[in-house]
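Work through the following exercises with the model open. Each task is followed by a solution in steps.

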Amino acid sequence: MSQYSILITGGAGFIGSHVVRLFVNKYPHYRIYNLDKLTYAGNLENLKDIEQKSNYIFLHGDITDTAYIEKIFSEYQFQSIIHLAAESHVDRSIHNPMDFVFTNVVGTVNLLNAAKKIWNGHPPTGMRNLFYHISTDEVYGSLHSDDEYFTENTPYDPRSPYSASKASSDHFVRAYHNTYNLPIVISNCSNNYGPNQFPEKLIPLMINNIKNNKPLPVYGKGENVRDWLYVEDHAAAIDVVFHKGKIGETYNIGGHNEWKNIDLVHLLCKLMNRKLNRPEGTSEKLITFVPDRPGHDLRYAIDATKIKTELGWSPSLQFHEGIEKTINWYLENEDWLNHVTSGEYKNYYQKQYLNR
Ligand code: NAD
Ligand code: DAU
């Protein structure tokens, strides 16, 4: 039997690189194709430990390019897709909403069309076909401090251009299931943290700025609440949903780990004072309150009961362990941090890799 071939999109990004690594190492009998445009957020350096594996293939391309997508689907006949490629940063979506419409909505519909075309036109191979869309808890909107958690039945109420684009892509994925019987599954996850996250997002930005004695910009009063999950736990959840999730279903994934931004920034300061041998209270002086993000969602919190009871997944790491590992990784990978922020090393590495 030929190898089961899975297309993972956005595999050079933060979460995608952890998913690609997990699948390439855990399933040597699968063929893993990683399709990535390598935007500012995508970096092949994230995958250098697995790039030589015989079951791993990198495809450099753009999910909004219909002709390219049709070509690779026809050539490689992917049996399943795990779709992570997206523009992912809320602040960027406020400045450039159209980029989010193209990649997150048009790109997703391009992939749906390509999957529909090859799966409807071919006899079953004996391995299941699945279009798995990786989505976010932000589609559910914003909670007040005493509201119940988001469940899979919470009505959609996206409030930023980013979450509106993700909600739209979720709707398209479900529409293709209802209309064309495309085998789909969706998961909606809370905030991820861990190694390889581009340092525009809260945790790596704060770690980098504390290290460099730069101001720590806290939006508004820092009262907003996020539910944090270690990225490898998210990758493990994706593995479980991919293999055991019921077609047509949605699964919420979360860490049951809510933090107010200001408390989290204080925790990072405290832990890093110790690691950098700074007197207590030193890094805290860098905290700077800045104007709030427009339309800033107050709180996200996920009820992950369904994935726990139906598929047996729950987070493996306590937050204090995860945050310790995360800080250590950024301190030990200073080159990665310097080079992704300057773009220099990324370009150097990618040119070398792509020109082989
Ligand atoms: P990221 O920004 O780190 O990575 C996105 C990847 O997609 C990059 O490698 C980028 O090069 C690639 N990409 C962007 N546009 C592309 C295009 N047009 N064609 C091909 N590739 C393209 O994102 P992330 O934080 O790893 O998020 C991955 C997915 O998970 C996204 O769909 C996001 O909405 C979702 N998600 C993220 C979080 C989180 O906390 N980061 C939480 C829940 C869900
Ligand atoms: O909930 C899942 C979502 O989490 C994902 O879908 C998104 O892709 C991901 O970016 C993340 O969105 P957030 O907007 O919650 O993440 P971010 O790291 O940008 O911000 C976290 C919180 O910290 C948020 O309340 C805004 C605040 N913040 C952020 C930055 C970058 C600050 O106070 N200062 C900052 O400089």
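**Exercise 1.** Locate Thr326, classify its accessibility and list its contacts outside the local sequence.

Solution. Step 1: Thr326 lies in helix H10; helices (H or I, at least four residues) and strands (E, at least two) are DSSP runs, numbered from the N terminus. Step 2: Thr326 has a relative accessibility of 0% and therefore counts as buried, where buried means under 20% relative accessible area, exposed over 50% and partly exposed in between (1.4 Å probe, protein chains only). Step 3: apart from neighbours within four places in sequence, Thr326 contacts Tyr193, Gly194, Ile203, Ile207 and Tyr230; contact means heavy atoms within 4.5 Å.

Two conventions apply throughout. This is a predicted model, in which local features need pLDDT of at least 70 and side-chain atom pairs count only at pLDDT 80 or more, while totals for chains, interfaces and linings use all residues. Residues are numbered from 1 along each chain as its sequence is written, chains are lettered from A and ligands numbered from 1 in the order in which they are written, and side-chain values use heavy atoms, with hydrogens and water left out.

**Exercise 2.** Compare the expected span of helix H10 with the distance between its end C-alpha atoms, then find which of its residues are buried.

Solution. Step 1: the expected span is 1.5 Å times one less than the number of residues. Step 2: H10 covers residues 319-332, which is 14 residues, so it should span 20 Å; the end C-alpha atoms are 20 Å apart, in agreement. Step 3: the buried residues in H10 are Phe319, Gly322, Ile323, Thr326, Ile327, Trp329 and Tyr330. Step 4: viewed down the axis of H10, these buried residues fall within an arc of 160°, so they line one face of the helix; the arc is that of the directions from the helix axis to the C-beta atoms. Step 5: His320 and Glu332 are exposed on the other side of H10. Step 6: the cover over the buried residues of H10 includes strand E7 (191-193), helix H6 (202-211), strand E9 (225-230), strand E11 (258-260), helix H8 (261-275) and helix H11 (334-342).

**Exercise 3.** Repeat the span check for H8 and state what covers its buried residues.

Solution. Step 1: with 15 residues at 1.5 Å a residue, H8 should span 21 Å, and its end C-alpha atoms are 21 Å apart, which agrees. Step 2: buried residues in H8 are Asn261, Ile262, Leu264, Val265, Leu267, Leu268, Cys269, Leu271, Met272 and Asn273. Step 3: their cover includes H6, strand E8 (216-219), E9, E11, strand E12 (287-290) and H10. Step 4: after H8 comes Asn277, with a positive phi near 55°.

**Exercise 4.** How many salt bridges are there, and which parts of the chain does the pair Lys275 and Glu324 tie together?

Solution. Step 1: a salt bridge is a side-chain nitrogen of Lys or Arg within 4 Å of a carboxyl oxygen of Asp or Glu. Step 2: the count comes to twelve salt bridges. Step 3: in the salt bridge of Lys275 with Glu324, the closest N and O atoms are 2.6 Å apart. Step 4: Lys275 lies in helix H8 and Glu324 in helix H10, so the pair ties together parts 49 residues apart in sequence. Step 5: Lys275 is partly exposed at 29% relative accessible area, and Glu324 is partly exposed at 32%.

Step 6: Glu223 and Lys260 also meet in a salt bridge (3.1 Å, N to O). This pair links distant parts of the chain, with Glu223 in the loop between E8 and E9 and Lys260 in strand E11, 37 residues apart. Glu223 counts as partly exposed at 38% relative accessibility, as does Lys260 at 33%.

**Exercise 5.** Is Asn188 buried or exposed, and what does it contact?

Solution. Step 1: Asn188 is found in strand E6 (residues 184-189). Step 2: its relative accessible area is 0%, so Asn188 is buried. Step 3: leaving aside neighbours within four places in sequence, the contacts of Asn188 include Ser135, Asp137, Tyr156, Asp170, Asn252 and Ile302.
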